[in-house]
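Here's a quick walk through a protein chain, from its strands to its buried side chains. Have the sequence and the 3D view open as you read.

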Amino acid sequence: VEQKLARAGGGGAARPKSLGETIIADDEVKAMANKAGKTKVQVNVDRSLLSVNAALTSVTTDTDGAAGDLVQPDRVAGIVMPPQRRMTIRNLIMPGSTESNAIEYTKETGFTNAARVVTEGAQKPESTMKFDLASTSVATIAHWVKASKQILRDAKMLRSHVDGRLRYGLAYAEEGELLMGSGTTGNLNGVYTQATAFSAAFSVTAQSVPDTIRLAILQATLAEYPVDGIVLNPIDWARVELTKDGENRYIAGGPWSATGPRLWNRPVVETQAMPPDKFLTGAFQMGAQIFDRETVSVVVSNEDGDNFVKNMVTILCEEALALAVYRPEAFIKGDLGYET
């Protein structure tokens, strides 16, 4: 009997409502739930219900009865992303594809041209050609991240964001490999790495950076390769554009010029994959080619480590490609002289 009385609050009286029950049951609170706009409701409660030192706050904690999880912040649509680099090098080079792990190509390494006018009855001259077999290996570029299954299931936008960031990271690494890859330990052998060193055909008085680029274009032209692109670091291109004459006038057209980035009537490509004070110019469409073996793919799997028992997934992003630089003499590289 004593236990029943204790459960009923003593003497058979009904158990008093708790603070939460009192608030929820209040008629004004119920009406407020169906009312639009801002409103305020005061609920009178028994002070005995406030004997515990607790407060409803927006601070998430597991002690003192805090209710942070009940207060949901407003969320702005979309995800604020960090800045992304604009990729440019791949667009300069001729595309291709392969199903092998290596690319072999025949390169003409010697040609003696004996062609001349032949008189009637005379012996016709013989020219000679030499060919060598060259090869380049397919390289794999990849990275991965881990995430919980719940967050990817509950936030589809977050999953697409992760996919996009992984693809961007892959393109970022690819840009550097296509341009500056070392060619060792599975790396691509980059265009700049294989390019021919700058050697001016003649000297120019008070040689400027545009003069250096023009002499590099001439060097490729003398090798019978028409230049179709110039690669510079954004810092160096800004220096060129800000060049002024003796009367403080912009030489490159100034800030209101409607033309795109061009120098000596060739398009200029800006990328931070090119170190400052360096340049590369050449016949990109003729002198090199990209071979994609596996295009960019994103794979999600829980079969990695202890993912299965932890409800985690591994998101892997990878690609496989090769770069063939057919003619190193089609590309000219060198220093601009800013740092000297």
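## Strand pairing

Start with Ala142, which sits opposite Glu318 of strand S10. This is a predicted model, so keep that in mind throughout. S3 and S10 run antiparallel, and 10 bridges join the two.

Zooming out, three strands make up an open sheet, ordered S3-S10-S9, with antiparallel pairing. S3 and S9 are the edge strands: each has a single partner, so one side of each has no neighbour in the sheet. On average, neighbouring strands here are turned by 10 degrees against each other, ignoring direction.

## The nonpolar cores

What about the buried nonpolar side chains? The largest nonpolar core counts 34 residues, and Ile93, Leu280, Leu323 and Phe331 have the most contacts inside it. Several elements give two or more residues to this core, including strand S3 (139-148), strand S9 (288-301) and strand S10 (312-325). On the helical side, H4 (89-92), H6 (156-180) and H7 (191-194) do so too. S10 provides the largest share, six residues.

There's also a second, separate core of 15 residues, with Ile213, Ala220, Val227 and Val268 among them.

Back in the largest core, Leu280 is one of the residues with the most contacts inside it. Setting aside residues up to four places away in sequence, what does Leu280 touch? Its partners include Leu179, Val191, Tyr192 and Ala195, along with Gly229, Ile230 and Val231. Met274, Phe331, Ile332 and Lys333 are also touched by Leu280.

## Ile89 in helix H4

Ile89 belongs to helix H4. Is Ile89 buried or exposed? With a relative accessible area of 1%, Ile89 falls under the 20% cut-off and is therefore buried.

Leaving out neighbours within four places in sequence, Ile89 is in contact with Glu175, Leu178, Leu179, Val231 and Thr271. Phe284 is 195 residues away from Ile89 along the chain, yet their C-alpha atoms are separated by 9.5 Å.

## Glu177 in helix H6

Glu177 is found in helix H6. This residue is buried too, at a relative accessible area of 17%.

Which residues does Glu177 touch, not counting those up to four places away in sequence? They are Ile141, Asn187, Leu188 and Gly190. For Leu188 there's a polar detail to look at: its backbone nitrogen lies 2.9 Å from a polar atom of the Glu177 side chain.

Methods: Residues are numbered from 1 along each chain as its sequence is written. This is a predicted model: local features need pLDDT of at least 70, side-chain atom pairs count only at pLDDT 80 or more; totals for chains, interfaces and linings use all residues. Side-chain values use heavy atoms; hydrogens and water are left out. A nonpolar core is a set of buried Ala, Val, Leu, Ile, Met, Phe, Trp, Tyr and Cys residues joined through side-chain atoms within 4.5 Å. Buried means under 20% relative accessible area, exposed over 50%, partly exposed in between (1.4 Å probe, protein chains only). Helices (H or I, at least four residues) and strands (E, at least two) are DSSP runs, numbered from the N terminus. Contact means heavy atoms within 4.5 Å. A polar contact is a pair of N or O atoms within 3.5 Å; within protein, one must be able to donate a hydrogen and the other to accept it, and residues adjacent in sequence count only if both atoms are side-chain atoms. Two strands pair if DSSP finds at least two bridges between them. Axes are lines fitted to C-alpha atoms, for helices over the stretch in contact, and angles run from 0 to 180 degrees between N-to-C directions.
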